[in-house]
Amino acid sequence: MKSENVNKRDDYQRVFSCFDRSHQGKVSLSTIERCVEAIKSGKRAVPDQDTTNPNPESTDKSLELEEFVKLVEEGEEADKEKDLKEAFKLYEESEGITPKSLKRMLSLLGESKSLKDCEVMISQFDINRDGIINFDEFRVMMQ
């Protein structure tokens, strides 16, 4: 169980690091909100030069990693399942998440990866080894 928590922590750290482009250990809520909106709308998120709160007089709150983890883990199980399904739909093609659909979504989020990189990423969670992430595999990946 501890290994699972360590892996989950590593996953949160990787996601947080994508938001924390200034490497200051903080991310502004507006940056997270903008990225979430980009995912929902299918548009590319334009990153800030500084993802923390650059203006001390601004009301935009910055989150540290622990606060980010708490934010991510909050919510009821039913909401989490619904959110997982919605997130999965953003990536999936007809049968699941393919390397091509993953590449497209990462590109929309400002993260450029080759098709080969996406194939490797998918292979890490592709339990049945069909080259595609189905919803059950996606759920395991996100836990």
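**Entry 1: Phe-68**

I started with Phe-68, which is buried at a relative accessible area of 4%. Worth jotting down straight away: this is a predicted model. I looked up where Phe-68 sits, and the answer is helix H3, residues 65-73. Next I wanted its partners away from the local sequence. Skipping neighbours within four places, I found Phe-68 in contact with Tyr-12, Val-15, Phe-16, Phe-19, Ile-32 and Leu-63. I also checked one C-alpha pair: Phe-68 to Gln-13 comes out at 9.4 Å, with their positions 55 residues apart along the chain.

**Entry 2: the whole chain**

Then I zoomed out. I counted 7 helices and 2 strands in the protein chain. Going along the sequence, I read the order as α-β-α-β-α-α-α-α-α. The chain has 143 residues, and 27% of them count as buried; Phe-68 falls on the buried side because its 4% is under the 20% cut-off.

For surface, I noted about 9600 Å² accessible, with 52% of that belonging to carbon and sulfur atoms. I also looked at how far contacts reach in sequence. Among contacts with a separation of 6 or more, 55% are between residues 24 or more positions apart.

**Entry 3: how confident is the model?**

I pulled the pLDDT next. The chain mean is 76, and 72% of the residues reach 70 or more. Which helix has the lowest confidence, and which has the highest? I found the low end in H4 (residues 77-91), with a mean of 71, and the high end in H6, at 93. I flagged residues 49-58 too, where pLDDT stays under 50. For that stretch I noted that the model has 18 contacts beyond four places in sequence.

**Entry 4: H5 against H6**

H6 came up in the confidence check, so to speak, and I went to its contact with H5 next. For two packed helices, the description I want is the angle between the axes plus the distance between them. I took H5 as residues 99-108 and H6 as residues 115-123; their axes come within 8 Å and cross at roughly 110°. Parallel or perpendicular? The two helices are roughly perpendicular, because the crossing angle lies in the 65 to 115 degree range.

I then listed who meets whom. From H5 I have Pro-99, Lys-100, Leu-102, Lys-103 and Leu-106. From H6 I have Leu-115, Cys-118, Glu-119, Met-121 and Ile-122. Sorting the residues of this contact, I got 7 nonpolar, 3 charged and no polar ones.

**Entry 5: around Lys-100**

Lys-100 is among the H5 residues in that contact, and I checked two C-alpha distances from it. The first is to Ser-114, which I located in the loop between H5 and H6. Ser-114 and Lys-100 are 14 residues apart in sequence and 9.3 Å apart in space. I have Ser-114 down as partly exposed, at a relative accessible area of 34%.

The other is to Lys-116, which belongs to helix H6. Its C-alpha lies 9.6 Å from that of Lys-100, for a sequence gap of 16 residues. Lys-116 counts as exposed, since its relative accessibility of 57% is over the 50% cut-off.

**Entry 6: Leu-29 and Leu-63**

Leu-63 was on my contact list for Phe-68, and I met Leu-63 again when checking Leu-29. The C-alpha atoms of Leu-29 and Leu-63 are 6.9 Å apart, although 34 residues separate them along the chain. Leu-29 is found in helix H2, residues 29-41. I noted Leu-29 as partly exposed, at 25% relative accessible area.

**Entry 7: positive phi**

Last, I went through backbone angles. Most residues other than glycine have a negative phi, so I wrote down two exceptions. His-23 has a phi near 55°. I placed His-23 in the loop between helix H1 (2-19) and strand S1 (26-28). Buried or exposed? I get exposed, with His-23 at 69% relative accessibility.

Arg-129 is the other one I noted, with a positive phi of about 55° even though it is not a glycine. I found Arg-129 in the loop between H6 and helix H7 (135-142). Arg-129 also counts as exposed, at 60% relative accessibility.

Terms used: Residues numbered from 1 in each chain as written. Predicted model: local features only at pLDDT ≥ 70, side-chain atom pairs only at ≥ 80, totals over all residues. Heavy atoms only, no water. Axes fitted to C-alpha atoms, helices over the stretch in contact; angles between N-to-C directions. Helix = DSSP H or I, 4+ residues; strand = E, 2+ residues; numbered from the N terminus. Parallel < 35°, antiparallel > 145°, perpendicular 65-115°, else oblique. Contact = heavy atoms within 4.5 Å. Nonpolar A, V, L, I, M, F, W, Y, C, P; charged D, E, K, R; others polar. pLDDT = per-residue confidence, 0-100. Buried < 20%, exposed > 50% of the residue type's maximum accessible area, 1.4 Å probe, protein only. Areas by Shrake-Rupley, 256 points an atom, 1.4 Å probe, with all protein chains shown as cover.
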